[in-house]
Amino acid sequence: MMTSRIGRVVAASAATAVATLGVTVANPAPASAAMTICYNTSQAGSFAGIAGQAASIWNNATTNLTLSANCGSNLRIYQITGGGSYAIRTSLGNGRVYIDTQQAQQYSPLRIMTHEIGHILGLPDNYNGNCSLLMSGGSAGTSCTNPYPSTTEANRVSNLFAGTRAAERAEGSGSAVFRDSWPAVAATVG
């Protein structure tokens with residue numbers, strides 16, 4: 001009986017101290033709350049529609065995040081010519097994706113877009129040539145058109161955005177440049 005009274009006194013003292021210091025204690029968002037990643041296609045040119053398809057693929061494959069068009073600029077998508085497609089992640093869910101029009105003539109543009117967005121969502125390259133793995137990129141060859149993340153890849157992204165696995169979240173959240181996912185366009189010998 002004395003122990004429970006001491007516990008109540010300590011709890012009341014702690015609450016008073018927190019209120020006196022002006023500290024606000026917030027309840028964390030529920031695990032089911034999805035983070036919204038706003039992507040901007042104003043510079044995506046002919047790839048704007050493909051960006052929408054890729055966003056839909058990620059939205060259907062994952063939990064804890066929603067990719068939404070033109071509501072901000074967490075993710076900017078650019079159309080370029082030459083130099084190869086690549087992604088620059090500035091932090092988890094933020095960065096830029098560059099889609100090369102020349103590569104998109106050789107490889108599936110939807111696979112390229114979904115793959116590069118995967119980097120922004122925290123996934124690394126996996127050059128194993130397996131077409132069923134989205135992050136194998138161009139190593140799966142030009143005949144591979146699979147734009148869908150595997151269950152393992154989708155679960156990894158869901159976990160990174162869950163906010164419950166701090167070590168994994170930190171691992172996938174740093175700045176990084178992802179180049180060379182797609183082999184160079186073959187030069188024409190004249």
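The mean pLDDT of this predicted model is 79, and 68% of the residues in the chain reach 70 or more; pLDDT is the predictor's confidence in each residue, from 0 to 100. The chain holds six helices and six strands, which are DSSP runs numbered from the N terminus (helices: H or I, at least four residues; strands: E, at least two). Residues are numbered from 1 along each chain as its sequence is written, and side-chain values use heavy atoms, with hydrogens and water left out. In this predicted model, local features need pLDDT of at least 70 and side-chain atom pairs count only at pLDDT 80 or more, while totals for chains, interfaces and linings use all residues.

**Confidence**

- Helix 2 has the highest confidence in the chain, at a mean of 98, and helix 1 (residues 2-21) the lowest, at 42.
- Residues 1-32 have pLDDT below 50, and this stretch makes three contacts in the model beyond near neighbours in sequence; a contact means heavy atoms within 4.5 Å.
- Over residues 164-170 the pLDDT is also below 50, with eight contacts beyond near neighbours in sequence.
- Where pLDDT is low, the predicted coordinates should not be read in detail.

**Overall fold**

- Along the sequence, the order of elements is α-β-α-β-β-β-β-α-α-α-α-β.
- The chain has 190 residues, of which 40% count as buried; buried means under 20% relative accessible area, exposed over 50%, and partly exposed in between (1.4 Å probe, protein chains only).
- Taking contacts between residues at least 6 apart in sequence, 63% join residues at least 24 apart.
- About 9,800 Å² of the chain is exposed, and carbon and sulfur atoms supply 55% of that area; accessible areas come from the Shrake-Rupley method with a 1.4 Å probe, and for residues only the protein chains shown count as cover.

**Helix 2**

- Helix 2 covers residues 48-61, 14 residues in total, and runs 20 Å from its first C-alpha to its last, close to the 20 Å expected at 1.5 Å a residue; the expected span is 1.5 Å times one less than the number of residues.
- Its buried residues are Ile-50, Ala-51, Ala-54, Ala-55, Ile-57 and Trp-58.
- These residues lie on the same side of helix 2, because they cover an arc of only 155 degrees around the axis; the arc is that of the directions from the helix axis to the C-beta atoms.
- The packing partners of the buried residues of helix 2 are strand 1 (35-43), strand 2 (65-69), strand 3 (75-80), helix 4 (109-120) and helix 5 (151-160).

**Helix 4**

- The end C-alpha atoms of helix 4 are 17 Å apart, which agrees with the 16 Å that its 12 residues should span at 1.5 Å a residue.
- Helix 4 is largely enclosed by the rest of the structure, because 11 of its 12 residues are buried.
- The buried residues of helix 4 include Leu-110, Arg-111, His-115, Glu-116 and His-119.
- Gly-122, just after helix 4, has a positive phi of about 105 degrees.

**Aromatic pairs**

- The count of aromatic pairs is two, where rings of Phe, Tyr and Trp (its six-membered ring) pair if their centres lie within 6.5 Å, and planes under 30 degrees apart count as stacked, over 60 as edge-to-face and the rest as tilted.
- Tyr-78 and Tyr-98 are stacked, at 5.0 Å centre to centre with 15 degrees between the planes.
- This pair links distant parts of the chain, with Tyr-78 in strand 3 and Tyr-98 in strand 5 (residues 94-100), 20 residues apart.
- Tyr-98 counts as buried, at 14% relative accessibility.
- Tyr-86 and Tyr-98 are stacked as well, at 4.6 Å centre to centre with 20 degrees between the planes.
- Here Tyr-86 lies in strand 4 (residues 86-91) and Tyr-98 in strand 5, 12 residues apart.
- Tyr-86 counts as buried, at 12% relative accessibility.
- Ring pairs join Tyr-78, Tyr-86 and Tyr-98 into a cluster.

**Positive phi outside glycine**

- Asn-64 is not a glycine but has a positive phi of about 75 degrees.
- Asn-64 sits in the loop between helix 2 and strand 2 and counts as buried, at 13% relative accessibility.
- Asn-70, also a residue other than glycine, has a positive phi near 50 degrees.
- Asn-70 is in the loop between strand 2 and strand 3 and is partly exposed, with a relative accessible area of 49%.
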